[in-house]
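Have a look at the chain below before reading on. The notes that follow cover confidence, the nonpolar core and one loop residue.

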Amino acid sequence: MLKYDNKFFTALGKLVDCVWLSLLWLICSIPVITMGAASTALYYAVHKSIRGNRGYTTRNYFSAFKDNFKQSTLVHLVWLVVMVVLVGDIYIARAVLQSGSNLGLFFYFFLVLAAMVIGWACYMFPYIARFENTVKATLKNGVLLEIRHLPWSLLLIVLVFAVLLLTYMMPLFLFIFPSVLTLIFDFILERLFRRYMSKEDLERELENDKIDNMG
């Protein structure tokens, strides 16, 4: 029990890192416009530090935040505009539905569309953290990944709403759930991302995995 490299202290250290990364994400997301960069950095730090045991957590987070700030922010702004328009459509369609008009049925269509847009974000920011590409390609590939892996996409969306509901019921979980949810995403998305990696990238990943297992 007194050895700092045993499983207990390792698990405790990862738990502390999860809380710390969640706090960093919350603080860096406060301006709203920086939420994309904060989300990209969170995925990168969780993947590299918590799951991969590589590097210092804080350093990895801010390194990814700085390196991907421009692209993540531009992608986030596009996503935010789409989401705001959809929320407006949902509000209007709900009012029409309550008035008794059949046009109000678009309310349910916009709800489904909004859920898919949330799923779109679930792919884009991890994608930025793991691949280098243009803003346009990232937006497009996010859509293609979501559609191509629709069953996994639905699971990601359900997980997001489950975490939002649990956080609403128990607000203190806000200080741990962002990292925990990202860690779950990492287990799912990395299996999908590796299908699109080059042979050289896969070999590099396998080598990193061997180093992690030795550690």
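## Confidence, core and a buried histidine

Among the elements of the protein, helix 6 has the highest mean pLDDT, 97, while helix 9 (residues 199-214) has the lowest, 65. This is a predicted model, and the mean pLDDT of the protein is 91, with 93% of its residues at 70 or more.

Let's turn to the core. The largest nonpolar core has 52 residues, and those with the most contacts inside it are Leu 21, Tyr 61, Phe 185, Leu 189 and Phe 193. Two or more residues come from each of helix 1 (7-29), helix 2 (35-51), helix 3 (57-67), helix 4 (69-98), helix 5 (106-130), helix 6, helix 7 and helix 8 (177-193). Helix 5 gives the largest share of this core, 14 residues.

Now for the loop residue. His 149 sits in the loop between helix 6 (135-148) and helix 7 (150-169). Is His 149 buried or exposed? His 149 counts as buried because its relative accessibility is 5%, and the cut-off for buried is under 20%. Leu 192 is 43 residues away from His 149 along the chain, yet their C-alpha atoms are separated by 8.3 Å.

The table sets out the contacts of His 149 and of Leu 189, leaving out residues up to four places away in sequence.

| Residue | Residues touched |
|---|---|
| His 149 | Tyr 123, Leu 192, Arg 195, Tyr 196 |
| Leu 189 | Tyr 43, Cys 122, Tyr 123, Pro 126, Leu 156 |

Tyr 123 appears in both rows: it touches His 149, and Tyr 123 also touches Leu 189.

Methods. Residues numbered from 1 in each chain as written. Predicted model: local features only at pLDDT ≥ 70, side-chain atom pairs only at ≥ 80, totals over all residues. Heavy atoms only, no water. Helix = DSSP H or I, 4+ residues; strand = E, 2+ residues; numbered from the N terminus. Buried < 20%, exposed > 50% of the residue type's maximum accessible area, 1.4 Å probe, protein only. Contact = heavy atoms within 4.5 Å. Core = buried A, V, L, I, M, F, W, Y, C linked by side-chain atoms within 4.5 Å. pLDDT = per-residue confidence, 0-100.
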